[in-house]
Structures are given as structure tokens and as C-alpha cells.
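Biologist: I am new to this protein and would like a careful, close look at a single part of it. Please give me the overall plan first, and then show me how that part sits among its surroundings.

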Amino acid sequence: MNLDKILAISGKPGLYVLKVQTRTGFVAESLLDGKKITVNLKSNVSLLSEISIYTYEGEKPLTEVMQKIASKENNGQAISHKEDNATLAAYFKEILPDYDEERVYASDIKKVLNWYNTLQAKGLVTDLAPAAAEAKEETPAEEKPKKAPAAKKAPAKKAAAKEEE
């Protein structure tokens, strides 16, 4: 499994796996407890494969950042996301030395580490390396941030088409 089907849903704790798409939204399964939920098209949903971290040179896809954490930790658990902000910033600086400290907040670092530890606990970290290699072959890294708005607009188009009916 790669990050293409892993979701973060606003207002819901943890990460979810996209299971099936329906007419009114989709069904997702929680990685925390395995419960399935239905999510409508109006919910704010982010694919982890579409998220990037700001750096001084541009943006790094989350997959690459997670790979760096995995290689530093030998595919083991990273530090807890509940550490103090200074510790988290120092740890993230080791992982991604050129991250933009003004645009990447402590809350963002906490999310990344929490997501990494969740994926690692489920045994999905070892699957991240092939996903990053596939992503590089498919599209250049420069195009990754452009995909995120398109992914969010697609459900809105479906909702607009449905309203016309």
C-alpha cells in the first residue's frame, strides 16, 4: 500500500484508508480501530500523497519526508508527537535540514510524526519506498503541489453535476 489511498479527514482523529467510492462520497476505514465510516463530498479530506512540506528550495512531498524518517529510525517508531516544540523542531531539522521554519509550524511537525507513527504501527512504512519511486517516475516533483487543488475540486464538480440533475 502507498500513500495514494491514505486519507486525513478534517474533524476526525487518525488516518483512514479509502475503501470504496459511492455516489454521495466514499467509505473509509480507520487505521486506529478498523471502523468504517461514510464521508460525504463536502467533508475536507486530504490525500497524504498530495501533501507537501515547505522547504527553502520549494516543496518536498510527504512521502519523501516519511522515507527520511524511516531511514533515520530503521523503519522503527519516531519520537512521540507529544514532545515539546523545541525537541520536535530539532528532530525535524535532522530529517529535513532545509525545511522552512517560518511556514512549517509545530502543529505540522506533530501531524507528520503522528501520521508516521500510525503508519509504522500498522506495518505500512516499509511500503512507502516503492510508492515514492513510482511517484517520481509518473510525474516530476514540481507538479505534485499542483495536483492537490485539482483533487479537491473534483468532488465539487460531482456535487455540482448532481445538483443539476
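Modeller: The chain has five helices and seven strands, where helices (H or I, at least four residues) and strands (E, at least two) are DSSP runs numbered from the N terminus. This is a predicted model, in which local features need pLDDT of at least 70 and side-chain atom pairs count only at pLDDT 80 or more, while totals for chains, interfaces and linings use all residues. Residues are numbered from 1 along each chain as its sequence is written, and side-chain values use heavy atoms, with hydrogens and water left out.

Read from the N terminus, the elements follow the order β-β-β-β-β-β-β-α-α-α-α-α. Of the 165 residues in the chain, 35% are buried, a word that stands for under 20% relative accessible area, against over 50% for exposed and partly exposed in between (1.4 Å probe, protein chains only). If we take the contacts between residues at least 6 apart in sequence, 56% of them join residues at least 24 apart, a contact being heavy atoms within 4.5 Å.

Five of the strands make an open sheet in the order β4-β3-β2-β1-β5, with antiparallel pairing; two strands pair if DSSP finds at least two bridges between them. At the edges lie β4 (36–40) and β5 (45–47), each of which pairs on one side only. Within the sheet, β2 (residues 16–21) and β3 (residues 25–30) are joined in the antiparallel sense by five bridges, and V17 stands opposite E29 in β3.

The part I have chosen for the close look is helix α2, which spans residues 85–95. Its buried residues are L88, Y91, F92 and I95, and they lie on the same side of α2 because they cover an arc of only 100° around the axis, the arc being that of the directions from the helix axis to the C-beta atoms. An α-helix has 3.6 residues a turn, so residues three or four places apart point the same way. On the other side of α2, A86 and E94 are exposed. The elements that cover the buried residues of α2 include β6 (52–54), α1 (62–72) and α3 (106–121).

One of those buried residues, F92, has a relative accessible area of 0%, and its ring takes part in the one aromatic pair that a search of the whole structure finds. Rings of Phe, Tyr and Trp (its six-membered ring) pair if their centres lie within 6.5 Å, and planes under 30 degrees apart count as stacked, over 60 as edge-to-face and the rest as tilted. The partner of F92 is Y99, and the two are edge-to-face, at 5.1 Å centre to centre and with 80° between the planes. Y99 is also buried, with a relative accessible area of 4%.

Helix α3, one of the elements covering α2, also has links elsewhere. T118 lies in α3 and counts as buried at 12% relative accessibility; beyond its neighbours within four places in sequence, T118 is in contact with L15, L31 and L32. L31 is placed in the loop between β3 and β4 and is buried too, at 9% relative accessibility. Not counting residues up to four places away in sequence, L31 touches I6, L15, Y16, V17, T118, L119, K122 and L124. L31 and A121 stand 90 residues apart in sequence, yet 9.4 Å apart in space, C-alpha to C-alpha.
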